[in-house]
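Got the viewer open? Let's take a walk through this one together, starting with the whole chain and ending at a single side chain.

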Amino acid sequence: MDRASRHLLRLVVSCRKLSAEVSSPHSQTIIAMATSTEPEFALKQRALLARNPSSKLLWTPRTAVRVGEILANRLLGLGIDGVTVDLDEELARPPHWRRSLSPFFESVQRSGVRIDGAEKL
């Protein structure tokens, strides 16, 4: 499958939330999504805020791994085994975000979904 017809993986990153969405190459509609605000993570986030109310970062590399696994399972369930990442967008991120996102990319690939462009990150 050529690069232009691959599904596009986009990440929305903030100190409060990590969101990964995969969109269709032709219609730009989101076909799969996983986020760190899903119910699975609610208890951990509440516990983190209870221990440290001034905490600014509400997701950890461990959370990024789990979000990657969830997204990969949803993609494989839809029959999608490969996505592409916008390399320019990812390289424009500050280095501290790129380091935090590397476990996400590794977990998606470990789960069986190829990510074109992730090797350059």
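With the whole protein chain selected, try colouring by burial: 43% of the 121 residues count as buried. Keep in mind that this is a predicted model.

Now switch on the accessible surface. For the protein chain it adds up to about 6900 Å², and carbon and sulfur atoms account for 55% of that area.

Next, go to the cartoon view. You should find four helices and five strands. Follow the chain from the N terminus and the elements come in the order β-β-β-α-α-β-α-α-β. The protein chain is as compact as a globular protein of its length, because its radius of gyration is 15 Å, close to the 14 Å that the globule rule gives for 121 residues. Along the principal axes, the C-alpha atoms fill a box of roughly 50 × 30 × 25 Å.

Still on the whole chain, look at who touches whom. Take the contacts between residues at least 6 apart in sequence: 65% of them join residues at least 24 apart.

Then select the charged side chains. There are 18 positive and 13 negative ones, and the centres of these two sets sit 9 Å apart.

Last stop: select R6 and zoom in. R6 is in the segment before strand 1 (7-13). Is R6 buried or exposed? Its relative accessible area is 5%, so R6 counts as buried, the cut-off being under 20%. What does the side chain of R6 reach? One partner is the backbone oxygen of G82, at 3.4 Å. Add D116 to your selection too: its side chain and that of R6 are joined by a polar contact of 2.7 Å.

Note on methods
Residues numbered from 1 in each chain as written. Predicted model: local features only at pLDDT ≥ 70, side-chain atom pairs only at ≥ 80, totals over all residues. Heavy atoms only, no water. Helix = DSSP H or I, 4+ residues; strand = E, 2+ residues; numbered from the N terminus. Buried < 20%, exposed > 50% of the residue type's maximum accessible area, 1.4 Å probe, protein only. Polar contact = N/O pair within 3.5 Å; in protein donor to acceptor, adjacent residues only side chain to side chain. Rg over C-alpha atoms; globule rule 2.2 N^0.38 Å. Contact = heavy atoms within 4.5 Å. Areas by Shrake-Rupley, 256 points an atom, 1.4 Å probe, with all protein chains shown as cover. Lys, Arg positive; Asp, Glu negative; His and termini not counted. Charge placed at Lys NZ, Arg CZ, Asp CG, Glu CD.
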